[in-house]
Amino acid sequence: MHELSMADAIVKTVLDAAEKNQAEEILEVTIEIGKLTMLNPEQLRFLLEVLTEDTLLEGADIIIEEIPVKIKCNNCDYTGSTNLDDSDHYLMIVKCPECDERNLEVITGQECNVKNIRIEKPE
Amino acid sequence: MHKIAEVEIQHDIMVANKKIAQRNQRMLDKAGVFTVDVLGAIGSGKTSLIEILIQKMNHKIGVIAGDVISKFDAGRFQKYDIPVIGLNTGKECHLDAHLVEHAFQDLPLKEIDLLFVENVGNLICPVDFDLGSHMRMVVVSVTEGDDTVEKHPLIFKDADLVVINKIDIAEAVGADEEKMANDAKMLNPDVEVIKSSLKTGEGVKEIIKAIEDFMK
Ligand SMILES: Nc1nc2c(ncn2[C@@H]2O[C@H](COP(=O)(O)OP(=O)(O)OP(=O)(O)O)[C@@H](O)[C@H]2O)c(=O)[nH]1
Ligand SMILES: [Mg+2]
Ligand SMILES: [Zn+2]
């Protein structure tokens, strides 16, 4: 899928923030990936490692936190996760687990968020 | 001496795309250009349908044709003497708001009141990326198999109009177009579903009416 363009955007975002904060080294980066995005975390990690060669990000620990799906039902106001297992995770946006309503909003699960970085900088 | 610092970034790339999409929509609104995303599987009939709509709809139509190699589809639209921009997506599997922003700026928007944006043939990747359009039309065909709709719930959940195309050959490929239509309704009860054949012309009138109703 589109892990490459996402990885590219993530690297740009991180390097930009590192520069603004006079980082001399980036030790760690934390990224949040929603379970409903079409992104595979392992593939993303691999591409991030390739793309960061010879940049300030090379060798940094890449932490990927997966964000579970949370929905809100527009019929009964149920808010929360659904009880479907992982293999069916797209289906959980289809029906409310409480009332079977199909008119739902996705509240979380669509993120591709560069959350924070840990850097080393001059005193 | 060095110190270690934690820097909050909180930059969501999906949100960044949405913001550009909203900006695109404001620009299109200001120019009075109603914009329709045309999404769907590879070879489902997206370009063929837009070609028919160019000829049959009474509007000043423009097209943005996103394709792996843009020259192909864009070339098909150019013969109608309308504004066309081909977007080379290359390795990319979808258009994003930033990519089409430039195309919107390059089009003579004053000469257009209905704009079609043909996305890359793909039922998965474009889902995550709003472009700023007013309406999402998803075109699938019976040749993809009649379980295509249920296998790709996300794209149908967000659709405003679903076209089940190539029903003229449904029997030959052993696909049940009724099942595909029901699956779309199941995923998205409010969506309008139209079964069509661009070979016989069946359903085209209904598609035109659905788009025109949306434009109101
Ligand atoms: N039998 C039949 N063939 C169709 C129909 N609609 C389109 N086709 C054929 O399907 C093929 C693909 O059509 P296109 O319009 O190029 O499809 P597309 O979705 O634009 O394809 P990509 O942009 O490559 O993803 C062409 O050979 C069309 O003539 C239909 O209703 N019935
Ligand atoms: Mg095409
Ligand atoms: Zn409910």
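Helices here are DSSP runs of H or I with at least four residues, strands are DSSP runs of E with at least two, and both are numbered from the N terminus. The model is predicted.

Q: Which elements each supply at least two residues of the lining of the largest pocket?
A: Let's start with the space itself, which is about 740 Å³ in the largest pocket. Of the 33 residues that line it, those closest to the centre are Gln110(A), Lys18(B), Val127(B), Asp130(B) and Asp158(B). Both chains appear among the elements with at least two lining residues: S5 of chain A, and from chain B helix H1 (13-31), strand S6 (135-141) and helix H6 (153-157).

Q: Which element gives the largest share of the lining of the largest pocket?
A: By residue class, this lining divides into 13 nonpolar, 9 polar and 11 charged residues. By element, the largest share is 6 residues, and these come from H1(B).

Q: Which residues lie closest to the centre of the second largest pocket?
A: This pocket holds about 620 Å³ of space. There are 20 residues in its lining, and the closest to its centre are Ser5(A), Ala9(A), Ile13(B), Asp96(B) and His98(B).

Q: Which element provides the largest share of the lining of the second largest pocket?
A: The lining consists of 9 nonpolar, 7 polar and 4 charged residues. At least two residues each come from helix H1 (3-20) of chain A and from H1 and helix H4 (97-106) of chain B. The largest share, 7 residues, belongs to H1(A).

Q: What is the geometry of the site of the zinc ion (ligand 3)?
A: The zinc ion (ligand 3) is held by the SG atoms of Cys73(A), Cys76(A), Cys96(A) and Cys99(A), at 2.3 to 2.4 Å. Four donors count as tetrahedral if all angles lie between 85 and 135 degrees. Here the angles among the 4 donor atoms are 107 to 112°, and the site is tetrahedral.

Q: How many residues apart in sequence are the parts that Cys73(A) and Cys96(A) tie together?
A: Along the chain, the zinc donors follow the spacing C-x2-C-x19-C-x2-C. Cys73(A) sits in strand S3 (residues 70-73) and Cys96(A) in the loop between strand S4 (79-80) and strand S5 (104-108) of chain A, so the two tie together parts whose separation in sequence is 23 residues.

Q: Among the zinc donors, is Cys76(A) buried, partly exposed or exposed?
A: Cys73(A) and Cys96(A) are both buried. The cut-offs put buried under 20% relative accessible area and exposed over 50%, with partly exposed in between. Cys76(A) has a relative accessible area of 34%, so it is partly exposed.

Q: How many disulfides are there over all chains?
A: A disulfide needs a pair of cysteine sulfur atoms within 2.5 Å. Over all chains, the count by this rule is 0.

Q: How far from Cys93(B) is the nearest cysteine sulfur?
A: Cys93(B) is in no disulfide. The nearest cysteine sulfur belongs to Cys125(B), at a distance of 3.4 Å.

Q: How many residues apart are Thr47(B) and Asp73(B), two donors of the magnesium ion (ligand 2)?
A: The magnesium ion (ligand 2) has as its protein donors Thr47(B) (OG1), Asp73(B) (OD) and Glu118(B) (OE), 2.0 to 2.1 Å from it. Their spacing along the chain is T-x25-D-x44-E. Thr47(B) lies in helix H2 (residues 46-56) and Asp73(B) in helix H3 (residues 71-78) of chain B, and this pair links distant parts of the chain that are apart by 26 residues.

Q: Is Asp73(B) buried or exposed?
A: Its fellow donor Thr47(B) has a relative accessible area of 6% and is buried. Asp73(B) has 9% relative accessibility, and under 20% means buried, so Asp73(B) counts as buried.

Q: What is phi of Lys166(B), a residue other than glycine with a positive value?
A: Lys166(B) is found in the loop between strand S7 (161-165) and helix H7 (170-173) of chain B. Lys166(B) is partly exposed, with a relative accessible area of 24%. Its phi is positive, near 65°.

Q: What share of the residues of chain A counts as buried?
A: Chain A has 2 helices and 6 strands, running α-β-α-β-β-β-β-β from the N terminus. Of its 123 residues, the buried share is 43%.

Notes
Residues numbered from 1 in each chain as written. Chains lettered and ligands numbered in written order. Predicted model: local features only at pLDDT ≥ 70, side-chain atom pairs only at ≥ 80, totals over all residues. Heavy atoms only, no water. Donors = N, O, S within 2.8 Å, 3.2 Å for Na, K, Ca; no water. Tetrahedral: all angles 85-135°; square planar, octahedral: opposite > 155°, others 65-115°. Buried < 20%, exposed > 50% of the residue type's maximum accessible area, 1.4 Å probe, protein only. 1 Å grid on protein atoms, 1.4 Å probe; cavity = no way out; pocket = protein on both sides within 12 Å on 5 of 7 lines; lining within 4 Å. Points joined across faces, edges and corners; volume = space filled by probe spheres on them. Nonpolar A, V, L, I, M, F, W, Y, C, P; charged D, E, K, R; others polar.
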